[in-house]
Amino acid sequence: MAVLKDLKSLIEAGQGIGAVAYVDMAAATVLASTSSIDEPQERFDRLCEAAIALLDGAAGEPDEAVRLASTEALVVCRSSTDPEEALCLACAPDADVSAVLGHARAAFAAEGG
């Protein structure tokens, strides 16, 4: 769970990331979250639901997913060491999705996951 230290740095990376939820998909729980503005808990709960839907739950495939909309891009990345955990990043609709995924992977890799 040391990846928690990196949540704020994901927003500070300057890739248009506005909110991050670190989720346990099996428990449908937000383990930690952060955002660039004050967000209600319901926002992070919705990010958790999106991660579950996009990654097919705790043990499904794929390991990464992107959902693009006119108002935002959702980028989801599963931990390589714990398939039940994932990062769900809400970004600006024009965010560089490849760069955002790179930052999410790096956050997990820095902590061995």
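Reader: Let's start with one cysteine: is Cys 77 buried or exposed?
Author: Keep in mind that we're looking at a predicted model. Anything under 20% relative accessible area counts as buried. Cys 77 has a relative accessibility of just 2%, so the verdict is buried.

Reader: And how many disulfides does the structure hold?
Author: A disulfide is a covalent bond between the sulfur atoms of two cysteines. For Cys 77, the closest cysteine sulfur belongs to Cys 88 and is 11 Å away, so that gap is too far for a bond. Cys 88 isn't in a disulfide either, as its nearest cysteine sulfur, in Cys 48, is 8.4 Å away. The count for the structure is zero.

Reader: What is the relative accessibility of Cys 88?
Author: Cys 88 sits on β5, pointing the same way as Ala 86 and Ala 90. Cys 88 counts as buried because its relative accessibility is 0%.

Reader: How many residues of β5 are buried?
Author: Take the two directions in turn. Glu 85, Leu 87, Leu 89 and Cys 91 point one way, Ala 86, Cys 88 and Ala 90 point the other way, and all are buried. That pattern fits a general rule: in a regular strand the side chains alternate between the two faces of the sheet. β5 is largely enclosed by the rest of the structure, because the number of its residues that are buried is seven of the seven.

Reader: In what order do the five strands line up in the sheet?
Author: Start from the edges: β2 (29–35) and β3 (64–68) each pair on one side only. Inside the sheet, β5 pairs with β1 over seven bridges and with β4 over six. β4 in turn pairs with β3 over five bridges. Put together, the open sheet has antiparallel pairing and the order β2-β1-β5-β4-β3.

Reader: By how much are neighbouring strands turned against each other?
Author: We're still on that open sheet of five strands. Ignoring direction, the average turn between neighbours is 15°.

Reader: Which residue of β5 stands opposite Val 20?
Author: β1 and β5 run antiparallel and are joined by seven bridges. Follow the pairing across from Val 20 and you land on Leu 89.

Reader: Which residue in β4 is the bridge partner of Leu 68?
Author: β3 and β4 make a hairpin with four residues between them. In this pair, Ala 65 stands opposite Val 76. The partner of Leu 68 is a residue that also bridges to Cys 91 in β5, namely Ala 73.

Reader: How many residues lie between β4 and β5 in their hairpin?
Author: These two strands run antiparallel and share six bridges. They form a hairpin, and the number of residues between them is six.

Reader: What distance separates the side chains of Glu 72 and Arg 43 in their polar contact?
Author: Glu 72 lies in the loop between β3 and β4. With a relative accessible area of 18%, it falls under the 20% cut-off, so it counts as buried. The residues it touches include Arg 43, Arg 67 and Pro 93. The polar contact between the side chains of Glu 72 and Arg 43 has a distance of 2.8 Å.

Reader: At about what angle does α2 run to β2?
Author: Helix α2 covers residues 41–55 and lies across β1, β2, β3, β4 and β5. Its angle to β2 is about 120°.

Reader: And at about what angle does α3 run to β4?
Author: Helix α3, residues 97–110, lies across β1, β3, β4 and β5. Its angle to β4 is about 30°.

Reader: How far apart in space are Ala 107 and Leu 7, C-alpha to C-alpha?
Author: Ala 107 is in helix α3 and counts as buried, with a relative accessible area of 4%. Ala 107 and Leu 7 are 100 residues apart in sequence, yet their C-alpha separation is 7.9 Å.

Reader: What about the C-alpha atoms of Leu 55 and Arg 78?
Author: Leu 55 belongs to helix α2 and is buried, at 0% relative accessible area. Arg 78 is 23 residues away along the chain, and the C-alpha separation is 7.8 Å.

Reader: What phi does Ala 28 have?
Author: Most residues other than glycine have a negative phi. Ala 28, in the loop between β1 and β2, isn't a glycine, but its phi is positive, at about 50°.

Reader: Where in the chain is confidence highest?
Author: The chain averages a pLDDT of 87, and 90% of the residues score at least 70. Helix α1 is lowest with a mean of 87, while the highest, at 95, is β4.

Note on methods. Residues are numbered from 1 along each chain as its sequence is written. This is a predicted model: local features need pLDDT of at least 70, side-chain atom pairs count only at pLDDT 80 or more; totals for chains, interfaces and linings use all residues. Side-chain values use heavy atoms; hydrogens and water are left out. Two strands pair if DSSP finds at least two bridges between them. Axes are lines fitted to C-alpha atoms, for helices over the stretch in contact, and angles run from 0 to 180 degrees between N-to-C directions. Contact means heavy atoms within 4.5 Å. Buried means under 20% relative accessible area, exposed over 50%, partly exposed in between (1.4 Å probe, protein chains only). A polar contact is a pair of N or O atoms within 3.5 Å; within protein, one must be able to donate a hydrogen and the other to accept it, and residues adjacent in sequence count only if both atoms are side-chain atoms. pLDDT is the predictor's confidence in each residue, from 0 to 100. A disulfide is a pair of cysteine sulfur atoms within 2.5 Å. Lists of a residue's contacts leave out its neighbours within four places in sequence.
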